[in-house]
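This report introduces one protein structure to a reader who has not seen it before. The sequence and the model come first.

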Amino acid sequence: MFEKVISQNLILVVILPLALVCAIFLYAVPNSNFQLNLFASCQQPALSSHSNSEPEFKILIGILTLPEKYERRQIIRNAYSLQQPAIQNGQIDVRFVFCNLTTGEQKTFIAMEIMTYRDIIILNCTENMNKGKTYTYFASLPHMFPGKQRPYDYAIKSDDDTYFRFNNLVASLRDKPREDVYWGKGFEPMTTDPKNPPFMVGMGYAISWDLVEWISTSEFARNNSEGVEDIFVGLWLNIGEKGKNRYDMREKMYDFHGEEPKDFPPETIAVHMLKLDFTWAVTLRMFNVTNRLESSRLYHL
């Protein structure tokens, strides 16, 4: 008898009011996709730009970062996800790249991130900047996609203080060869031939997939993996006589240097040195990232 009373009270107090609220909501907003959005928020896909049709070409952006930079990752996820709908005929997949996790907190929190976003790569290495992490990243990629002849046309190594503008990135790479390509911002002080910079600076550079595969099998690269990472990638390619199709984007890739519109030209591909939330906010505002925000009674900015 007591259980029956509880069951009846549960229906009256909880279930019926909830059903009434849902009915009112659906009646007031008949075209709402509330249910879809509710469940989508619990099952976010990995950050990717591809649609159902086969893309013209594919780019992997590996952002080398640290496990504890949770807030920075979320800023980057938000910034890049808002660019995805504008990409035409190209696929860009963004992944955050760590070495081995070392604490229980990291393993728990990052497991939750992986389950939510599916956009994290964990390499078998000790966390470092210039002691082989970049080599491990490139050398590990072919083993992560077994059986696929060319899962991506280009792989980019990027920093977590770099912001790419996807449309300009795609436009810059679309007409380039798919083999033997080394693309980025050439290091100007050491460049004697503008068309053949010795290396691309570490803010973000791309190599074609054949060069990714070559690095994974190169004894020279494996034996010379420790050092200033961007210089050493250039060294591998120079000694191996690889990356002969070099493209220097230095005019369109630059360090953050001001807060005025003139400091952010429309042809920009990437902005670097976004070390602070303030510099991220200025950059995103200058490129009108939040202009599509719809008005609502639920918030004001």
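The text below goes from the whole chain to a helix pair, a disulfide, the core and one buried glutamate.

This is a predicted model, in which local features need pLDDT of at least 70 and side-chain atom pairs count only at pLDDT 80 or more, while totals for chains, interfaces and linings use all residues. Residues are numbered from 1 along each chain as its sequence is written, and side-chain values use heavy atoms, with hydrogens and water left out.

The protein has ten helices and ten strands (DSSP runs, H or I of at least four residues for helices and E of at least two for strands, numbered from the N terminus). Of its 301 residues, 46% are buried (under 20% relative accessible area, with a 1.4 Å probe and protein chains only). Among contacts (heavy atoms within 4.5 Å) between residues at least 6 apart in sequence, 74% join residues at least 24 apart.

Helices α5 (residues 133-144) and α7 (residues 209-217) have axes that come within 8 Å and cross at roughly 105°. The axes are lines fitted to C-alpha atoms over the stretch in contact, and angles run from 0 to 180 degrees between N-to-C directions. This crossing makes α5 roughly perpendicular to α7 (65 to 115 degrees). On the α5 side the contact is made by Tyr135, Phe138, Ala139, Leu141 and Pro142, and on the α7 side by Trp209, Val212, Glu213, Ile215 and Ser216.

There is one disulfide in the structure (a pair of cysteine sulfur atoms within 2.5 Å). It joins Cys99 and Cys125, with the sulfur atoms 2.0 Å apart. Cys99 is in the loop between β2 (90-98) and α4 (104-117) and Cys125 in the loop between β3 (120-122) and α5, so the link ties together parts 26 residues apart in sequence. The link is left-handed, with -85° about the S-S bond, and both cysteines are buried.

The largest nonpolar core (buried Ala, Val, Leu, Ile, Met, Phe, Trp, Tyr and Cys residues joined through side-chain atoms within 4.5 Å) has 72 residues, and Phe138 is one of those with the most contacts inside it. Strand β1 (residues 57-64) gives the most to this core, with six residues.

Glu113 is placed in helix α4 and is buried, at 9% relative accessible area. The table lists what two residues touch, not counting residues up to four places away in sequence.

| Residue | Residues touched |
|---|---|
| Phe138 | Ala155, Lys157, Tyr205, Ile207, Val212, Ile215, Val233 |
| Glu113 | Tyr70, Arg73, Arg77, Arg118, Ile120 |

Conventions. Parallel < 35°, antiparallel > 145°, perpendicular 65-115°, else oblique. Buried < 20%, exposed > 50% of the residue type's maximum accessible area, 1.4 Å probe, protein only.
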